[in-house]
Amino acid sequence: MITHWFLFFSSQDRATPLFIAAQNGHSLVLKLLLAAGANPDAPRNDGATPLWIAAQMGHDHVVKILLHNGAVVDAVRCDGATALFKAAHKGHSAVVHELLKFRPNLGTLANGETALHAAVMFGHLPIVKQLVAAGSDCTVPNQDGYTPLQIARQQKFASVHQYLKEHEQTQHAGAGTPKRTVSSNQSKPSKGSPASVAIIG
């Protein structure tokens with residue numbers, strides 16, 4: 001039997017038993033704790049929730065359980081990153097798939113980036129395709145003025161760059177506007193660099 005005390009116990013960084021179970025992918029323990037009344041959104045000191053840490057670790061089965069038990073899909077860590085942003089950064093396609101079912105924020109986050117920026121920065125083409133298919137806008141600049149297309153080109157991820165370029169051209173063609181090409185000598189924003197995409201932890 002799970003006691004009330006155990007449900008609300010937390011470590012020095014305020015990680016609850018549910019958080020630790022999510023972090024380590026222990027789905028059975030997670031289900032027991034949730035059934036006993038554990039809060040699916042209880043954050044650690046840095047704001048990371050059980051869903052956030054499960055997304056970072058790539059535990060798609062845990063992410064699915066938490067979402068179906070009311071976890072907030074767009075809960076953010078102190079740096080402004082959501083679970084979707086972290087899954088995109090880490091390359092966890094199965095996690096992204098589960099999160100997209102709950103309509104997470106695809107736009108610019110408090111950290112000045114989008115999940116698409118995170119996926120592009122690390123060359124995760126399958127996730128780039130998932131996010132674009134879900135409605136992510138590949139023309140939105142980050143806090144330093146770089147679009148995902150520009151980042152893909154400058155990071156030399158040829159397949160990602162080609163995919164985004166073709167998608168953008170298709171969008172313009174469908175809208176009845178001339179196709180826009182991005183030349184290799186296009187002027188860069190004066191502030192920052194693509195490597196400044198906000199990735200912490």
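The legends below describe close-up views of a predicted model.

**Figure 1. The chain as a whole is built from helices and contains zero strands.** The secondary structure comes to eleven helices, and reading along the sequence gives the pattern α-α-α-α-α-α-α-α-α-α-α. The chain has 201 residues, of which 44% count as buried. Contacts between residues at least 6 apart in sequence include many that span long stretches of the chain: 68% of them join residues at least 24 apart.

**Figure 2. Helix H4 is mostly covered by its surroundings.** This helix comprises residues 50–57, and seven of its eight residues are buried. The buried residues are Pro 50, Leu 51, Trp 52, Ile 53, Ala 54, Ala 55 and Gln 56. These buried residues pack against four helices, namely H2 (17–23), H5, H6 and H7. Just after H4, Gly 58 takes a positive phi of about 85°.

**Figure 3. Helices H4 and H5 pack against each other through nonpolar residues.** Two packed helices are described by the angle between their axes and the distance between the axes. For H4 (residues 50–57) and H5 (residues 60–68), the axes come within 8 Å and cross at roughly 160°. An angle over 145 degrees counts as roughly antiparallel, and H4 and H5 are therefore roughly antiparallel to each other. The crossing in which H4 passes H5 is left-handed. On the H4 side, the contact is formed by Pro 50, Leu 51, Ala 54 and Ala 55, which meet Val 62, Val 63, Leu 66 and Leu 67 of H5. Sorted by character, the residues of this contact comprise eight nonpolar, no polar and no charged.

**Figure 4. Helices H7 and H9 are roughly parallel to each other.** H7 spans residues 93–100 and H9 spans residues 125–134; their axes come within 10 Å and cross at roughly 10°. Angles under 35 degrees count as roughly parallel, and the two helices therefore fall into that class. H7 contributes Ser 93, Val 96, His 97 and Leu 100 to the contact, while H9 contributes Ile 127, Gln 130, Leu 131 and Ala 134. The residues of the contact between H7 and H9 divide into five nonpolar, three polar and no charged.

**Figure 5. Ser 27 of helix H3 contacts residues distant from it in sequence.** Ser 27 belongs to H3, which covers residues 27–35. With a relative accessible area of 25%, Ser 27 is partly exposed, because buried means under 20% and exposed means over 50%. Apart from neighbours within four places in sequence, the residues in contact with Ser 27 are His 61 and Ile 65. The C-alpha atom of Ser 27 is separated by 9.5 Å from that of Val 63, a residue 36 places away along the chain.

**Figure 6. Asp 79 is a buried residue in a loop.** Asp 79 lies in the loop between H5 and helix H6 (83–90). Its relative accessibility is 18%, so Asp 79 counts as buried, the cut-off being under 20%. The side chain of Asp 79 is joined to the side chain of Arg 77 by a polar contact of 2.7 Å. A polar atom of the Asp 79 side chain also lies 3.1 Å from the backbone nitrogen of Ala 81.

Notes
Residues are numbered from 1 along each chain as its sequence is written. This is a predicted model: local features need pLDDT of at least 70, side-chain atom pairs count only at pLDDT 80 or more; totals for chains, interfaces and linings use all residues. Side-chain values use heavy atoms; hydrogens and water are left out. Axes are lines fitted to C-alpha atoms, for helices over the stretch in contact, and angles run from 0 to 180 degrees between N-to-C directions. Angles under 35 degrees count as roughly parallel, over 145 as roughly antiparallel, 65 to 115 as roughly perpendicular and the rest as oblique. A crossing is left-handed if the near helix is turned anticlockwise from the far one by less than a right angle, and right-handed if clockwise. Contact means heavy atoms within 4.5 Å. Ala, Val, Leu, Ile, Met, Phe, Trp, Tyr, Cys and Pro count as nonpolar, Asp, Glu, Lys and Arg as charged, and the others, Gly among them, as polar. Buried means under 20% relative accessible area, exposed over 50%, partly exposed in between (1.4 Å probe, protein chains only). A polar contact is a pair of N or O atoms within 3.5 Å; within protein, one must be able to donate a hydrogen and the other to accept it, and residues adjacent in sequence count only if both atoms are side-chain atoms.
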